[in-house]
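Please examine the following structure with attention to the criteria behind each structural term. The questions and answers below set individual values against those criteria.

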Amino acid sequence: MKRLVIVCFSILMVAALFLAISPSIIRNQLEKHGKEWVGRKLEIKDLSVNYFTSTITLSGATMFEANDKDKFVSLDSLILDVDPLEYFSSSIVVEQLYIKNLWVNISQKDSIFNFDDLIAFHKTESDTVTKPDSDKKAYLFSLSDLNLNGGTLIYNDQTHNVTQTLNNLSFYLPHVEWGRGSSKMDASFKLTEGGQFGITSEFDSEKGDYLVHLTIDNLDISSFTPYTKEHLNISKMEGLASGKVDISGNLNNLKTIDITGNSSLEGFALTDATGEKFLAAHNIVCPIEKVMPMQSVYQLGDIRIQEPIIDFQLFKDSNNFYRSFGLDTTESSSEPNVTSEDHKEPPVKFSVKSIHLEKGKLNFTDHTTATPFVYNFSKVKMDFNEIKSDSDWVNGKASMVLNERGQLVADIGFNPSDAAMNMKVNYVISDFQLSDLNIYSMEYTGYPILYGDMYYKGIIDINQGKLNLENKLIVHHAEVGNKKGSPFYNLPLKVALFILKDKDGVINMDIPVRGDLNDPEIDIRKIIWRTFGNFLVKTVTSPFRALSNLINVDPTDIKEINYTYMDTTLVNRKEHQLDLLRKLEKNKPGLDIELVYFNDKNKQKEEISKALKLVDTTEINAVSKAFDSIRVASVKTYLTQQSNDSTKIKITIPSPTNLKNTGSQPVFEIKYKMQGESDFEIEEVEFN
């Protein structure tokens, strides 16, 4: 018995000694054969096991990179508490897993990661697809009290030369069971570049239902700039993103993923390749009511944009937005995208409860002119009602200040499915300063605009691409300087404005514009300038309507004074016309009026011969000459008597060879000219 006791005691002592020194042996063997066993060199400062509580404690552990020099993973301490007896009941139970100061370095270049060799090392034949053993009972997995304290994760993207560091990484999982029951998890971490993340989740392993609460606080998006350069031509992206988002669904059906919550962006700005900020906003708030990406459903709440700033630069071949967003170059694919009938993407369904934009600014610069044209829109405010993908029409309002002086107010409507081809805008512009358009005026007409203001009421109506633009303009006190240079269009701007002015210096213009936007070669600016040019040319070549409005008469009354071949009497009708010319001369200072007398003398002689039964040519010529003299003299005498010889209305008799004499009955054609300007003889053709 004594020997048996001694033997048993010795065995126990040996076993105890073995258990006591085995952690050191294991630690030494892991360090010695780590690369052979786990694929990487290992260093472990201390390893201990509490056999009574089944707890393993690891201190100062490091796994190196494949070069055996740089650290890949390290930690200060790890505590693992397991229940080995549960293994015999087909359960793997971890009662505690505590990790302190975990440090992980992940690097990527193109599609290669620094842990690819570990994946390849641990990949065995058992990883290949095998037939499942239906008779084999699956193990249940249970993990409790998982705690990560003070972790750091470094991600180095060598392709884009970007390094992201997640500091203060904490993770707490009270309990999770795979195969039965539900679990909860809490996690949080901080980026060194700025931003905090918080995650709380719930998961039912039996049903597959999950719910994730994600909180983002002041995430600095500037660190993501390199990733945008594959799609955007920008040098910098700025802003602090925040939000609270709930993500729910079921792992067994990816289509059930549902995202709701709120998101915001502070201090947003995009800087183009030249270093100029072209798009910015002080604050953007976007509530997410329901987003189901797998079903193409996007429902947003009341979007609010505070103090947006847009800097739009127009060039001859493109603009800064097209250049920054890569839209000025089109790449055609030789192989068109073909979607299988069995894998058709669901139609996109979107809705926005409302859009509110306040205190916006738009800086517009046109570099297509000889001198860049700069115009500023400020205090921009826009409000749109609910926008849905299946809506027939959406209405909204807008207002803004034009170059710190003028005002624009507009009612906007459009079809959200094709807004560019179906929209309507009713707008009113007041206190618009014409001198702001001086660069365009010089470029296209050659006349500098000295001063003047305008009230402008317009309607833009686009129906299925058919443009109908109504423009009603009231211009006050417009003055232009003398023509300079060689303009793009030879427009008689100065003369036309002079003719259009009423006695109070007010100009009323009604200029409709028509066009078809379905034509890919269409140019809106050319349509507008062509229409405006035709209007000016017609005003100058046929000024009778504009001048008749000045004295409220029929335009034909001030166009010409007609006679028959045998008529020489200045009847009341003709006297009335001369009175109107005197009135027009009085009410339109600076206007020269000229009566040009045309007559086909040969036909007049024929009529005289028939009517008076004259045969002698000399006698017929004398009568014809007398008729002409009487007509001219009576008109001149009447004008002199009625104006006390103060009239400047001229009577001109052109050369007998003038082509206008041919076939003409006796007529005083009334010509108008602006004092100091050349004659209005402009060929009346369509302006192109």
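A patch is made of residues with over 30% relative accessible area and no salt bridge, nonpolar side chains being joined within 5 Å. The model discussed here is predicted.

Q: Which residues form a nonpolar patch on the surface, and what is their accessible area together?
A: The patch consists of Val49, Tyr51 and Ile56, with about 220 Å² of accessible area together.

Q: What makes valine 49 partly exposed?
A: The relative accessible area of valine 49 is 31%. Partly exposed is the range between under 20%, which is buried, and over 50%, which is exposed, so valine 49 at 31% counts as partly exposed. Valine 49 lies in strand β1.

Q: Why is the contact between glutamate 65 and arginine 40 called a salt bridge?
A: The N to O distance between the two side chains is 3.9 Å. The rule asks for a side-chain nitrogen of Lys or Arg within 4 Å of a carboxyl oxygen of Asp or Glu, so the pair of glutamate 65 and arginine 40 qualifies. Glutamate 65 is in the loop between β2 (55-64) and β3 (71-82), and arginine 40 is in the loop between α1 (2-37) and β1 (42-50), 25 residues apart. Both glutamate 65 and arginine 40 are buried. A network of salt bridges links Arg40, Glu65 and Asp117.

Q: How many salt bridges does this rule give?
A: The count is 23 salt bridges.

Q: What makes aspartate 557 and arginine 573 a salt bridge?
A: Their closest N and O atoms are 2.7 Å apart, and the cut-off is 4 Å, so the pair meets the criterion. Aspartate 557 sits in the loop between α8 (544-551) and β26 (560-562), whereas arginine 573 belongs to helix α9 (residues 572-587), 16 residues apart.

Q: Are aspartate 557 and arginine 573 buried or partly exposed?
A: Aspartate 557 has a relative accessible area of 11% and is therefore buried, the limit being under 20%. Arginine 573 is at 44% relative accessibility and so counts as partly exposed.

Q: How do you know that glutamate 585 and arginine 582 are separated by about one helical turn?
A: They are three residues apart in helix α9, which means a separation of about one helical turn. Their side chains meet in a salt bridge at 2.3 Å, N to O. Glutamate 585 counts as buried because its relative accessibility is 14%.

Q: Why are α9 and α11 called oblique to each other?
A: Helix α9 and helix α11 (residues 617-643) pack at an angle of about 50°, with their axes 11 Å apart. Angles under 35 degrees count as roughly parallel and 65 to 115 as roughly perpendicular; the angle of about 50° is in neither range, and α9 and α11 are therefore oblique. The crossing of α9 past α11 is right-handed.

Q: What makes methionine 292 buried?
A: Its relative accessible area is 12%, and under 20% means buried. Methionine 292 is found in strand β14 (residues 277-292). In sequence, methionine 292 and isoleucine 259 are 33 residues apart, while their C-alpha atoms are 6.5 Å apart in space.

Q: Why is lysine 35 called partly exposed?
A: Lysine 35 is at 40% relative accessibility and so counts as partly exposed. This residue is in helix α1.

Q: How do you know that helix α6 is mostly covered?
A: In helix α6 (residues 493-500), eight of its eight residues are buried, among them Leu493, Lys494 and Phe498.

Definitions and conventions:
Residues numbered from 1 in each chain as written. Predicted model: local features only at pLDDT ≥ 70, side-chain atom pairs only at ≥ 80, totals over all residues. Heavy atoms only, no water. Helix = DSSP H or I, 4+ residues; strand = E, 2+ residues; numbered from the N terminus. Buried < 20%, exposed > 50% of the residue type's maximum accessible area, 1.4 Å probe, protein only. Patch = residues over 30% accessible without salt bridge, like charges linked within 9 Å, V, L, I, M, F, W, Y side chains within 5 Å. Areas by Shrake-Rupley, 256 points an atom, 1.4 Å probe, with all protein chains shown as cover. Axes fitted to C-alpha atoms, helices over the stretch in contact; angles between N-to-C directions. Parallel < 35°, antiparallel > 145°, perpendicular 65-115°, else oblique. Left-handed = near helix turned anticlockwise from the far one by under 90°.
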